[in-house]
Structure formats: C-alpha cells, structure tokens
Amino acid sequence: MAEKKQPQVATDSIPSFMQRIDWWRKATFGMFIHYGLYSLLGRHEWIMNRERIPLAEYEKLAAKFTAENFDPRSYARLAREAGMKYVIMTTKHHEGFCLFDTALTDYKSVNSAAGRDLIREFADAVRAEGLGLGFYYSMMDWHHPDGARCLHDEAARQRFVEYTHGQVRELMSNYGKVDILWYDVPWPLKPDGWDSLGLNYMVRSLQPHILINNRSLLPEDFGTPEQKVEAMAPYRAWEACLTMNDTWCWNYADHNWKSVKDILGLLVQSARGGGNLLMNIGPKPDGTVPQESVERLQAVGKWLERHGEAIYAMERARTEWNAGGVSTVKGNVMYYHCRNWFGSELTLGGIESKVRRVWLLTTGQEVDFTQTFEPTQQLKMRGLPEESPDEHMAVIAIECEGSPRQRLGAGHVWLDGVLPLEGAGIF
C-alpha cells in the first residue's frame with residue numbers, strides 16, 4: 001500500500017484535549033437517535049443483513065420513506081426536558097441510506113418520498129435548543145458496491161475509502177459546528193486500510209473543537225462501551241450507549257422497556273465512574289417518538305430537576321456500594337443514591353472522611369447523624385422519612401471535610417485510589 005501524505009493541520013488552532021472534553025464531561029447525559037429505512041420494517045436495524053433482503057428489494061423502501069412526522073425540534077426539546085445536554089443522530093447506518101444531502105450517492109433522504117435533508121433539520125433543531133450536536137456515521141456500508149469487496153480488491157478499497165472520506169468531509173463542512181463525530185463498525189478494513197489517521201486529521205482541520213469516538217479503530221477522545229456501563233481505565237473518557245428497550249431502532253414487537261428507576265440506575269452508574277450515558281430513542285416509521293420513550297425521559301428529567309447536582313460533572317472517587325445503593329462524589333460532597341429505602345434509619349460503613357453535614361437532597365431536610373471511627377467506621381443517620389420521598393430514587397447528601405473516602409471489605413482492585421465499577425452491581 002502506497003504511503004499516504006497526511007493533510008496539514010494547524011495544530012495551534014486545535015484546542016487541547018482537556019479544553020475540548022471539558023463540556024462533555026460535565027454534560028454526563030446525552031440522547032442517541034437511530035432512524036432510517038429499517039424503521040419502516042420495525043424489526044431491527046440489522047434487518048437487511050439478518051434476513052438477507054436483496055438490495056434491489058430493500059432499495060424500494062426509499063419510496064415509502066415519507067418521514068411525514070419527523071420533527072427534530074421535538075426530539076431536541078425532549079432531550080432538554082430529560083436533562084440531556086447533547087444529541088447524536090444516525091446520518092448513515094449500515095444499510096447505506098443517507099439522511100443528509102450527499103453528492104456522492106443518490107441513495108439519500110432527499111431523493112426518497114421524504115424529499116428532505118433530515119440532518120440539516122436535525123442540526124438546526126439541536127442548536128436551537130442549546131444542545132451539543134453529534135453525528136453518527138457507519139463506516140460499514142451494505143449498499144455501496146465496494147463495501148465488502150474492498151477487503152480483497154485494492155482498487156475497490158481506494159474507491160470505498162475515497163467515498164467514506166468524502167462523506168465525512170461533507171458532514172464536517174456543510175452543517176456548521178459539529179461537537180461530536182460518532183463512528184460505528186469499521187468492517188472490513190484495518191486502520192491503515194481506512195487511513196483513519198488521515199480521516200481524523202481532515203475532520204479536525206474542519207472542526208477543531210470536535211470530539212471523536214474510538215470506532216474508526218483509533219483510540220481518539222473517548223471509548224464507547226455498548227449496552228453496558230463499564231468504567232474504563234482511570235483518566236480515559238468513556239460513554240456508555242444503551243437502548244431503552246432491546247433494540248436501537250423502533251421495533252413493534254419489543255416491549256421490554258427499562259423502567260425509570262432502571263434508567264436512573266444506569267445514569268448513576270455512569271456518573272459514578274466519571275463517564276457519560278448516551279440513551280437511545282428509535283422513532284417510528286413516520287418519525288414520531290414512541291410514547292414509552294417520551295414518558296420515561298420526561299420522568300428522568302423531573303428527577304434531575306431535583307437531583308441534578310448529584311449527577312452532572314461527577315468525579316471518580318473511592319466510594320463503595322451498600323445494601324441500598326451507591327454514591328457519586330463532587331468536591332467534598334458524597335451523594336448517596338437510595339435505590340432501596342430502608343426506613344427512618346440508615347447506616348453507611350467505611351467512611352474515612354469526617355462528616356460535617358447530612359441532608360436529604362430530595363427534600364432539603366437536614367438529617368441528624370452520628371459518626372464513629374473506632375472500633376469501627378460508621379455513619380448513622382436518623383429521623384429519615386419512613387417511606388422514600390421519591391418514587392424512583394431518593395438522594396442523601398453527605399458533606400465531608402475534604403474529599404469523601406469510603407473503604408469496605410477486601411478483594412477490590414484499586415487503581416490510583418479509584419474503585420472500578422466492575423463487581424459493584426447494585427444497580
């Protein structure tokens with residue numbers, strides 16, 4: 001393979017990683033949107049592949065893709081109401097159908113029954129709501145004739161890589177400021193085959209402030225554990241992406257919806273590990289959002305109105321799980337998230353820091369407490385309500401002298417004072 005000349009980027013124009021990532025770390029919570037031709041079939045976003053639908057047959061879906069109720073402003077408003085700080089949407093999924101007005105293929109929403117550049121509308125709507133804007137782009141493409149043969153045919157590889165780079169360039173050039181580029185599935189090539197380094201150089205030359213995920217087979221700015229919350233190595237930025245039921249796109253037979261409490265548990269786990277949670281919605285064929293998603297996200301937003309300080313911009317810190325929940329930490333305050341409420345008294349063990357004040361974040365009620373260090377470390381809280389003051393999850397705030405530290409038991413692996421989330425499966 002001939003050596004490629006990398007594009008020149010004025011490095012002094014690119015903010016440092018810490019400058020670029022700061023808003024994203026504080027954001028904590030984002031919305032993912034999967035929408036495409038697969039939505040019309042309502043079974044799975046991989047349906048073309050899994051059912052081996054012939055390309056000529058699948059292409060006919062574009063004539064039925066009206067997207068008549070596609071309203072990205074309503075998506076962005078829902079995200080804001082839910083306490084989400086950024087929104088990422090599929091511009092092209094594995095099926096190869098583009099929701100943006102690309103000059104490189106006719107297989108796009110502009111030429112479908114919708115007759116619209118859906119990504120243009122999406123970008124404008126997200127910015128209008130004051131949220132961060134992200135584009136998902138699948139590198140794998142089942143529609144492009146070179147999408148598979150590129151693995152064994154050098155001429156095909158060059159054509160397909162040129163196509164991929166060209167589409168990413170369009171997305172980075174034609175839609176204003178983009179905050180996040182979220183690649184997916186780099187099959188079938190390796191990083192050199194994709195020229196991932198050159199691709200991302202180009203992206204940053206056009207969008208100096210952008211954050212790029214790790215799915216172009218380079219580590220880049222953040223990792224992306226999928227369908228699980230898994231804290232990565234200390235100081236590695238990460239974002240867990242999960243579905244609200246079992247599939248990414250709208251699925252008429254999938255009624256396995258996560259409860260509000262379950263979604264909050266995932267959010268707490270992500271915040272506790274210093275990561276973000278990207279929660280997905282899958283609009284129906286016409287573009288409307290399933291009511292099950294709307295109701296759950298609105299409830300999460302109401303919870304965050306009272307408890308947001310215990311979620312946003314958290315720090316990775318030494319805390320442990322108890323029988324009723326786990327804690328997040330910011331500054332000198334430890335926030336105990338009570339998934340299970342045990343009544344008017346609560347005891348937390350192993351808190352090494354001296355406690356100054358305890359209050360019920362949910363209601364503002366001051367909480368009476370005593371703390372001992374010998375013969376054992378215990379924080380005993382009394383006078384709590386007999387029933388949980390929140391139908392989903394109440395939060396108790398514990399202010400300490402200095403950074404809160406909690407240590408219990410043996411067998412945990414400690415990394416620079418950080419407790420990994422693996423094994424702490426209360427949520």
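Is Pro-385 buried, partly exposed or exposed? In this predicted model, Pro-385 has a relative accessible area of 23% and is therefore partly exposed, since the range for that class begins where the buried class, under 20%, comes to an end. The residue is placed in the loop between strand 13 and strand 14 (394-400). When its neighbours within four places in sequence are set aside, Pro-385 is in contact with Trp-341, Gly-343, Ser-344, Leu-360 and Gln-365. Tyr-107, by contrast, lies 278 residues away from Pro-385 along the chain, and the C-alpha atoms of the two residues are separated by 59 Å.

The loop between strand 13 and strand 14 also holds Met-393, which has a relative accessible area of 0% and is therefore buried. From Met-393 to Ser-270 the distance is 16 Å, taken from C-alpha to C-alpha, although their positions lie 123 residues apart in sequence.

Two sheets are described next. The strands of a sheet pair through backbone hydrogen bonds, in either a parallel or an antiparallel manner. An open sheet of 7 strands shows parallel pairing, and its strands follow the order 5-4-3-2-1-7-6. Strand 5 (211-212) and strand 6 (239-242) stand at the edges of this sheet, and because each has a single partner strand, one side of each is left without a neighbour in the sheet.

Within this sheet, strand 7 (residues 276-281) has 6 of its 6 residues buried, so it is largely enclosed by the rest of the structure. The residues of strand 7 point in two opposite directions, with Asn-276, Leu-278 and Asn-280 on one side and Leu-277, Met-279 and Ile-281 on the other, and all of them are buried. Strand 7 pairs in the parallel sense with strand 1 (residues 29-33) over 5 bridges, and here Phe-32 has Asn-280 of strand 7 as its bridge partner. Strand 7 also pairs in the parallel sense with strand 6, over 4 bridges, and in this pairing the bridge partner of Ala-240 is Leu-277.

Elsewhere in the sheet, strand 2 (residues 86-92) and strand 3 (residues 132-138) are joined in the parallel sense over 6 bridges, and Ile-88 stands opposite Gly-134 of strand 3. Helix 7 (residues 154-173) lies across strand 2, strand 3 and strand 4 (180-184), and it runs at about 165° to strand 3.

The other open sheet contains 4 strands, arranged in the order 8-9-14-11 with antiparallel pairing. Its edge strands are strand 8 (325-330) and strand 11 (355-360), each of which pairs on one side only. On average, neighbouring strands of this sheet are turned by 20° against each other when direction is ignored. Strand 8 and strand 9 (residues 333-338) pair in the antiparallel sense over 6 bridges, and Thr-328 has Tyr-335 in strand 9 as its bridge partner. Helix 10 (residues 260-272) lies across strand 8 and strand 9, running at about 45° to strand 8.

Several loops carry particular backbone features. In the loop between strand 4 and helix 8 (191-194), where Pro-188 is placed, a cis peptide bond with an omega of about 10° joins Trp-187 and Pro-188. Val-185 lies in the loop between strand 4 and helix 8 as well, and although it is not a glycine, it has a positive phi of about 40°. A positive phi, near 55°, is likewise found at Asp-195, a residue other than glycine. Asp-195 is located in the loop between helix 8 and helix 9 (196-206), and at 14% relative accessibility it counts as buried. A further cis peptide bond leads from Glu-374 to Pro-375, with omega near 5°, and Pro-375 is found in the loop between strand 12 (368-372) and strand 13 (378-382).

The last feature considered is the largest pocket. Rolling a probe the size of a water molecule over the atoms shows where empty space is left. The largest pocket has a volume of about 390 Å³. It is lined by 17 residues, of which Arg-25, Gly-274, Met-314, Glu-315 and Arg-316 lie nearest its centre. Helix 1 (residues 17-27) provides the largest share of this lining, with 5 residues. By character, the lining of the largest pocket is made up of 9 nonpolar, 3 polar and 5 charged residues.

How values were computed. Residues are numbered from 1 along each chain as its sequence is written. This is a predicted model: local features need pLDDT of at least 70, side-chain atom pairs count only at pLDDT 80 or more; totals for chains, interfaces and linings use all residues. Side-chain values use heavy atoms; hydrogens and water are left out. On a 1 Å grid over the protein atoms alone, a cavity is a set of points where a 1.4 Å probe fits but cannot get out, and a pocket is an open set with protein on both sides within 12 Å along at least five of seven lines; lining residues have an atom within 4 Å of a point. Grid points are joined across faces, edges and corners, and a volume is the space filled by probe spheres set on the points. Ala, Val, Leu, Ile, Met, Phe, Trp, Tyr, Cys and Pro count as nonpolar, Asp, Glu, Lys and Arg as charged, and the others, Gly among them, as polar. Two strands pair if DSSP finds at least two bridges between them. Contact means heavy atoms within 4.5 Å. Axes are lines fitted to C-alpha atoms, for helices over the stretch in contact, and angles run from 0 to 180 degrees between N-to-C directions. Buried means under 20% relative accessible area, exposed over 50%, partly exposed in between (1.4 Å probe, protein chains only).
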